[in-house]
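Visitor: Please show me the structure, and let us then discuss how its descriptive terms are justified.

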Amino acid sequence: MNSIAMDAPLTRWQRFKKSNLVYDFRRNPVAIVSFTIFLVIVLASVFAGLIAPFDPYDPRQLDIMNSELPPVWQSGGDDLFLFGTDAQGRDLWSAILYGTRISLIIGICAVALQAFIGISIGLVAGYVGGRTDNLLMRIADVQLSFSTLMVAIIFLAVSQAMFGTETFNKYALFMLVAVIGIAEWPQYARTVRATVLAEKKKEYVDAARVLGFGPLRIMLRHILPNSISPIFVISTVQVANAIISEASLSFLGLGMPVSQPSLGSLISSGFDYIFSGSWWITAIPGIILVVLVLVINLLGDWLRDVLNPKLYKG
Amino acid sequence: MFAYLVKRFFQAIAVMFVISLISFAIQDNLGDPLRELVGQSVSEEVRQQLRDELGLNDSFLKQYGRFAWNALHGDLGTSYFFKEPALTVILKKLPATLELVFGATLIIIGLSIPLGVYTAIRPNSLATRVIMGLSIIGISIPVFLTAILMIFLFAVELRMLPSYGRGDLVHLFGYWSTNFGSWDGLKHIFMPSLALASIMLPLFIRLIRSEMMETLESEYVKYAYAKGIAPRRIWFVHALKNTLLPVITVGGVQIGTMVAYTILTETVFQWPGMGFMFLEAVNRVDTPLIVAYLIVVGFIFVVTNTIVDLIYGLVNPTINLARMS
């Protein structure tokens, strides 16, 4: 880069700090609060091993005598268990920390998979055009017309029946990532394809082609950076949706097993006890789940307002 | 228009074909029909003979052909558990699910149009901010959590509404039994349909709001104001009409999505519909019932999507059908 006019070339970080995004972020209390809460939840789940007083995966630490203890602030609560215990005597606070980690891992990995498949297909469809484009977009239409949840429920239910619950539970995490990841790629593909179609005609692409760059390089290094902001906006909403989908599937018993619970399976295991008054097993993981999804959605809304990308409507 | 119709029709058939292939693959690999038929105390020779008689040793294509032929004639196999044709079992459960979807649709239409229009014409009022704030919270709460919350509040704490089942039913035409005929039935269907509606409601309020705001900026609305037409009439007659076009398309697609969400609401409320039945069938490895559910639900999806596309083509005169096909 030519830096004669400037005193010193700006580093990437300095340029980022001067950008619109950061400027707007500092003046938006909702964004700051949401981001802080999101960061706290992410850090708490990353360092779950250090924070959690118990290991929820270790059956030796469970004592059935401790089952269904209410949270500390209620009468009958035990100082050892901040949020009380579930029906197996597991410390709810530890289980929630580990469960949030699983929910976040599944949400983020599933969206990474969606983005990878969707962006590749979108780039190819937009760049190659013609019959390939037609076929890929037709498939995307059909895929979109089936609700993700429906596809995921049927796929997971059938594989559970086919492989048996034990094998299924072992690979539940991968299955959830795969099925949520594969079902939602058209969101990305459509948006990326729309940007590619708009960018392809511009002169810089012609210039790159004249310079002898291959199609792969042009697609990845020249065209793709121009669709970064819509991808960013879609990704936040998609992470929130993926976390909800995972929770719903786990609630139905088609996701994470009770021995390795995500937030959804914790809520599900508590549901059986709600009529006997043990509301906390359901309510506390439920609140964490809603707060997590809510702050991601709020951040997504804020990003959409700031970046204002041309999202594919329809 | 005709070419578009034909193309759309062929696409629907192609999708149904793929669904039937997947269903057949599941039926072929999941469970053993012989064991369901004769148990385990039969010798290997008799087994092989039975396999031959049932055609289980035929080639894949031949077996698929038979499966597709039977399916086209409404024969989707016999449920292992109910000992009845799978399609009959599903059709018996269908009214419960459809009534749930119908109840939710009523709630969505009844609430989203007034709220969407209000938030569009008073974008800065306090009530609008509250509604928009609630709508983003609504999007962030999974449907099963809404359902649990309602059960806890209305059934466990306040003891106002029943928490499970369908209650008293009124029978219509001998086949259909409805919840909308008695007070008890209405009380039973209220919470499940509200829970089901809660997932779509924020989406529709936001959609109607944004479309309405766009329409209110257009020239013809300004002209109507200039002509002195009463604002109420402009909002609800002139502007709303043009707002509803995208709402129809999104709405149609969402009907299919709602069928998926019925599985969740039916599980929480133990509503005896198709979704609840499907999960039971999965637990019992009742293959014919699983396959039949797959085909029926796939059919519902394909039909609603095709109809929505066609209606969209008919209602919207600006759409270029030649290019779309």
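**Terms and their grounds**

Guide: In this predicted model, helix α7 (residues 143-157) of chain B packs against helix α8 (residues 183-216) of chain B at an angle of about 145°, the axes being 9 Å apart. The crossing is right-handed.

Visitor: Which residues of α7(B) and α8(B) meet?

Guide: From α7(B) come V143(B), T146(B), A147(B), M150(B) and F154(B), and from α8(B) come M191(B), L194(B), A195(B), L196(B), S198(B) and I199(B). By class, this contact holds nine nonpolar, two polar and no charged residues. Ser and Thr are absent from the list of nonpolar and charged types, so they count as polar; T146(B) and S198(B) are among the residues that meet.

Visitor: How do you know whether K83(B) is buried or exposed?

Guide: A residue is exposed if 12 or fewer other C-beta atoms lie within 10 Å of its own. K83(B) has 8 and is therefore exposed. This residue lies in the loop between α4 (60-72) and α5 (86-121) of chain B.

Visitor: What makes V285(B) partly exposed?

Guide: The label applies between the two limits, 12 or fewer for exposed and 20 or more for buried. V285(B) has 18 C-beta neighbours inside 10 Å, and therefore counts as partly exposed. V285(B) is found in the loop between α11 (274-283) and α12 (287-315) of chain B.

Visitor: Why is the phi of K83(B) worth a remark?

Guide: Most residues other than glycine have a negative phi. The phi of K83(B), which is not a glycine, is positive, near 55°. V285(B), also not a glycine, has a positive phi of about 50°.

Visitor: Turning to chain A, how do you know that the span of α5(A) agrees with its number of residues?

Guide: The expected span is 1.5 Å times one less than the number of residues. For the 37 residues of α5(A) (residues 92-128) this gives 54 Å, and the end C-alpha atoms are 53 Å apart, so the two agree. Helix α14 (residues 280-307) of chain A, with 28 residues, reaches 40 Å from its first C-alpha to its last, close to the 40 Å expected.

Visitor: Why is α5(A) called mostly covered?

Guide: The buried label requires 20 or more other C-beta atoms within 10 Å. In α5(A), 27 of its 37 residues are buried, hence the description as mostly covered. Over the 314 residues of chain A, 44% count as buried.

Visitor: What follows α5(A) and α14(A)?

Guide: Just after α5(A), G129(A) takes a positive phi of about 70°. After α14(A) comes N308(A), with a positive phi near 45°.

Visitor: How many residues of chain A are in contact with chain B?

Guide: 32 residues of chain A are in contact with 32 residues of chain B. The largest share of the chain A side, nine residues, comes from α7(A). The residues of that side divide into 24 nonpolar, seven polar and one charged.

Visitor: What confidence does the predictor give to the complex and to chain B?

Guide: The complex receives an ipTM of 0.81 and a pTM of 0.85. Chain B averages a pLDDT of 81, and 89% of the residues score at least 70. Within chain B, confidence is lowest in helix α13 (residues 321-324), at a mean of 50, and highest in helix α6 (residues 126-140), at 89. Where pLDDT is low, the predicted coordinates should not be read in detail.

Definitions and conventions. Residues are numbered from 1 along each chain as its sequence is written. Chains are lettered from A and ligands numbered from 1 in the order in which they are written. This is a predicted model: local features need pLDDT of at least 70, side-chain atom pairs count only at pLDDT 80 or more; totals for chains, interfaces and linings use all residues. Helices (H or I, at least four residues) and strands (E, at least two) are DSSP runs, numbered from the N terminus. Two residues are in contact if their C-beta atoms, placed from the backbone, lie within 7 Å. Axes are lines fitted to C-alpha atoms, for helices over the stretch in contact, and angles run from 0 to 180 degrees between N-to-C directions. A crossing is left-handed if the near helix is turned anticlockwise from the far one by less than a right angle, and right-handed if clockwise. pLDDT is the predictor's confidence in each residue, from 0 to 100.
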